Structure formats: C-alpha cells, structure tokens
Amino acid sequence: MPEKIVTNKDMEKFIDTTDEWIQERTGIKQRHVAAEGETTCDMIERASLRAIAAAGIDATEIDMVILGTTTPDLIFPSTACLLQERLGIPGTAAFDINAACSSFIYALSIADQYIKSGMAKKVLVGGAETLTRAMDWNDRTTAVLFADGAGAVVLEAATEPGVLSTHIHADGRYADLLGTDVGVSVGFKNEHNGGLKISMKGRDVFKMAVRTLGKIVDETLADNNMDKSEIDWLIPHQANLRIISATAKKLEMPMEKVIITVDRHGNTSAASVPLALDEGIRSGRIKRGDMLLLEAFGGGFTWGSALIRY
Ligand code: ACO
C-alpha cells in the first residue's frame, strides 16, 4: 500500500459527504493514495519482491509475468514489461490484463492454464492500481470509493493442487454502467486529466454485483462437486461491505470467515483480492490446507472466481 492515508473525515473537508454516510453505505473508513510521482509499477515492484521472498524462490526462476491493471504507468510498454525490467528477468513473457476489478482473477486464471498445460513453471501474478488518478476527486459518488495499492503471488507447478478451478466471465452490454468515456482511440477531452474520470451508476452496479457473484459461487461449487460448507475462507473483491456480506450470506458463512480489508483499503480494483489474500495469510488466519474461494466483479462487466486449496 502507498503510505499516504486519506480518512473519511479528511474527505469531509473537500466534498459534500460524511464519515457516517460512507461507512454506512460502503464500510470504508479510510483509503491509501499514491504519493505524487508514485506509480502502479512502483507499488507492484514492492509487492512482487515480497511475493518472491514469501515463495522462497529467486526472481530468475520466474518464466512469466502477468499483471492485472486498469491504470498502467503508460499505454505501452505494458507495466508488466516495466516490472520485468526492474526485477531483472529479461526474456520472460510479460503482459498486462485489463478486466477492471476482476483483473487479478483473470490474470490468475491465465497463469493457471499455462501451468496446467506445462508451458510455464513459475508465474508472477499481480494486481495493481493507481485508481485515484482516474477519478474526479470532486465527484462524491466515486471519490469516496476508489483507492491505490498492489498485491502479488507466485504460482508454481506442483503435484498437488493448488488452484482447483478458475472461472471468468464478461458481459459488455453493461459497459455504460461503469467505466470511463475517454481513451486513446476515442480521444481525450480538453479538461483536467484529459477528461479521464470514472463514472458509475452505483445502484445498478450494486444490484448486478450481488446477483452475479451469487451465480459465480454456485458455478464454482457445482464444477467442483463441492458443498458450500467445505469453503473455509471467502476472499472477495473489496468494493463494498454490503456486497461482500450478501455473498457471505449466500454461502452461509459467518463474517469471521471472510477476509475484509475494504474498511482500511477502499476499493483498490485489481489489487483488492491479492491484498486481502496477503492479509489473511500473513495474519495467520488462513492455514495450510484451507479451502479458499476468491471472487471479483468489475467494470465491463467482468467477473470471476478461483477455488484454491492453500
Ligand atoms: N456522500 C453523501 N451522500 C452521497 C454520496 C456521498 N459520498 N454519494 C451519493 N450520495 C447521495 C446521493 O446523491 C443520493 O442522494 P438523493 O437520495 O438525494 O438522490 C443518496 O446519497 C443515495 O445514493 P445512492 O447512489 O442511491 O446510494 P447507494 O446506497 O446505492 O450507495 C454506492 C452508493 C456506495 C456507490 C453503492 O451503490 C455501491 O457500492 N455500488 C457498487 C459499487 C461497486 O461495487 N463497484 C464495483 C466494482 S468497481 C470497478 O470495477 C472499478
């Protein structure tokens, strides 16, 4: 996480909102914001080094780098290429994936296919965002939600699973409910930041997220012939505590079995699932052998899940 913290109380000073409103509607109390000049690559470099150390490997053993991000440093080269250079591992495949808040699950799914097919042995998978650079700080409907951060894992070929299954989906018919309306091909506007700002029809996104995440839970369990009682931990995308609670309720899981970071991190999009996973593991709550259900929903719409035996 970047060092700088902006609390809800801080936000009260420059937009028409209250700590009470934000906490009640979203569960967010504070968020981390990248310092001036601090980029997505700076954060994912730190997260990657920690993931490589946790995996107990040397960076040169990695044969692929996949980064989920909607807020790359540059349009190109990809941030995965910038990261690969910083890690000193030239020659490895490196690319970004943009599936908004589901980007990490998409990246994990691709890495899993490469490993299962034998085409890769060790894949660095990250999710990283500087979303606060893509939002309008004066728009209270989005500014209170989004934040910055990065998380990473090393996925390694092994004889025992591991990643049991991944599931990814998208429905472009809902593109207008959440996204930006400027870009390279469409063009930028003669406004601050080239007119780049996230716009969202929050209520519609909320309803779709709850409904869709319920369905992906069913799909994941059915594909693995598994009962919901067999899931030890839910590691959800951290968009809104009320959306997370609805998924936990569907799984009949007490909130103590759900990793929550949204209160301190806000919505870090692609970074939120690996950050929550990291917190669950480093805090000692998630133990070896536990069954984890990771899920995410984001702009596109995109959504996905991963079932993992830790
Ligand atoms: N502070 C105070 N009041 C506010 C704020 C604010 N920050 N924002 C909106 N309001 C007001 C609205 O203007 C509205 O006022 P009105 O009743 O006078 O018109 C009222 O609060 C209610 O607004 P709603 O938008 O209906 O509030 P809702 O309960 O739906 O909560 C929220 C809004 C938090 C955005 C919710 O809809 C949500 O979380 N949606 C889903 C977001 C999400 O999950 N995104 C997914 C992925 S993100 C990605 O892919 C990048």
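Visitor: How many bridges join strand 5 to strand 6?
Guide: This is a predicted model. Strand 5 covers residues 122–130 and runs antiparallel to strand 6. The bridges that join them number nine.

Visitor: Which residue of strand 6 is the bridge partner of Gly 126?
Guide: Strand 6 spans residues 148–156. There, the partner of Gly 126 is Ala 152.

Visitor: How many of the nine residues of strand 6 are buried?
Guide: Strand 6 is mostly covered. Its buried residues number eight.

Visitor: Which strands are the edge strands of the open sheet 7-12-11-10?
Guide: This sheet has four strands, with mixed pairing. An edge strand here pairs on one side only. That applies to strand 7 (163–170) and strand 10 (233–236).

Visitor: Which residue in strand 12 stands opposite Ala 296?
Guide: Strand 11 (residues 291–298) and strand 12 (residues 302–309) pair in the antiparallel sense. Eight bridges link them. Opposite Ala 296 stands Gly 304.

Visitor: At what angle does helix 10 run to strand 10?
Guide: Helix 10 takes in residues 272–282. It lies across strand 10 and strand 11. Its angle to strand 10 is about 145°.

Visitor: Is His 265 buried or exposed?
Guide: His 265 belongs to helix 9 (residues 262–265). Beyond its neighbours within four places in sequence, its contacts include Met 1, His 32 and Leu 275. Buried means under 20% relative accessible area. His 265 has 8% relative accessibility, so it counts as buried.

Definitions and conventions: Residues numbered from 1 in each chain as written. Predicted model: local features only at pLDDT ≥ 70, side-chain atom pairs only at ≥ 80, totals over all residues. Heavy atoms only, no water. Buried < 20%, exposed > 50% of the residue type's maximum accessible area, 1.4 Å probe, protein only. Helix = DSSP H or I, 4+ residues; strand = E, 2+ residues; numbered from the N terminus. Pairing = 2+ DSSP bridges. Contact = heavy atoms within 4.5 Å. Axes fitted to C-alpha atoms, helices over the stretch in contact; angles between N-to-C directions.
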